[in-house]
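Subject: Structure for you to look at

Hello,

Here is the structure I said I would pass on. Please open it beside this email and follow along; my notes come after it.

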Amino acid sequence: VVLAYLELMAPTLAEAIDKVVADGATTVDVVPLFLGTGGHLRQDLPPLVDALRSAHPDVAIRLHAAIGEHAAVSEAMARAALVAAGVGERPARP
């Protein structure tokens, strides 16, 4: 797992993918750590991923939905909101 950024921070997605491919990866899963599908995911990310696919034609680069659209993430955020509001149970500590 390599964390990458779309803008303003390093490594960029291109740098991260270049590195994992240089290290031997033949499949790359891009999982956007966004809560929803906004402008970055609709407009910026698809052409970037297409360019990376062209740059690495022998690598399967798969673009997934925003992490916030996964049920487990939505459920975790709802539980955290209930706890913050004082109406949910705090998780047991190990």
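Leaving out residues up to four places away in sequence, Leu48 touches Leu6 and Leu13. Please keep in mind that this is a predicted model. Leu48 sits in helix 2, which covers residues 39–55. Leu48 and Leu6 are 42 residues apart in sequence, yet their C-alpha atoms are 9.3 Å apart in space.

Is Leu48 buried or exposed? Neither word fits: Leu48 has a relative accessible area of 27%, so it counts as partly exposed. To be called buried, a residue has to be under 20%.

Next, the core. The largest nonpolar core has 12 residues: Leu13, Ile17, Val20, Val28, Val30, Leu41, Leu45, Val49, Leu52, Val59, Ile61 and Ala66. Two or more of these residues come from each of helix 1 (13–22), strand 1 (27–30) and helix 2. Which element gives the most to this core? That is helix 2, with four residues. Leu13, one of the two residues that Leu48 touches, is on the core list.

Val59 is another core member. Apart from neighbours within four places in sequence, Val59 is in contact with Val21, Ala25, Thr26, Thr27 and Val28.

Now the strands. Strand 1 and strand 2 (residues 60–63) run parallel and are joined by four bridges. Across this pairing, Val28 stands opposite Ile61 in strand 2. The chain gets from strand 1 to strand 2 by way of helix 2, and this β-α-β crossover is right-handed. Both Val28 and Ile61 are also listed in the core. As background, side chains in a regular strand alternate between the two faces of the sheet.

Last, two points about the backbone in the segment before helix 1. Pro11 lies in that segment, and the peptide bond from Ala10 to Pro11 is cis, with omega near 0°. Leu8 is found in that segment too. Phi of Leu8 is near 70°, which is a positive value in a residue that is not glycine. How accessible is Leu8, buried or exposed? Leu8 counts as exposed because its relative accessibility is 82%, and the word applies to values over 50%.

When you go through the model, you could begin at Leu48 in helix 2, go on to the pair Val28 and Ile61, and finish at the cis bond from Ala10 to Pro11.

Regards

Key: Residues numbered from 1 in each chain as written. Predicted model: local features only at pLDDT ≥ 70, side-chain atom pairs only at ≥ 80, totals over all residues. Heavy atoms only, no water. Buried < 20%, exposed > 50% of the residue type's maximum accessible area, 1.4 Å probe, protein only. Contact = heavy atoms within 4.5 Å. Core = buried A, V, L, I, M, F, W, Y, C linked by side-chain atoms within 4.5 Å. Pairing = 2+ DSSP bridges. Right-handed = clockwise from strand over helix to strand, strands pointing away.
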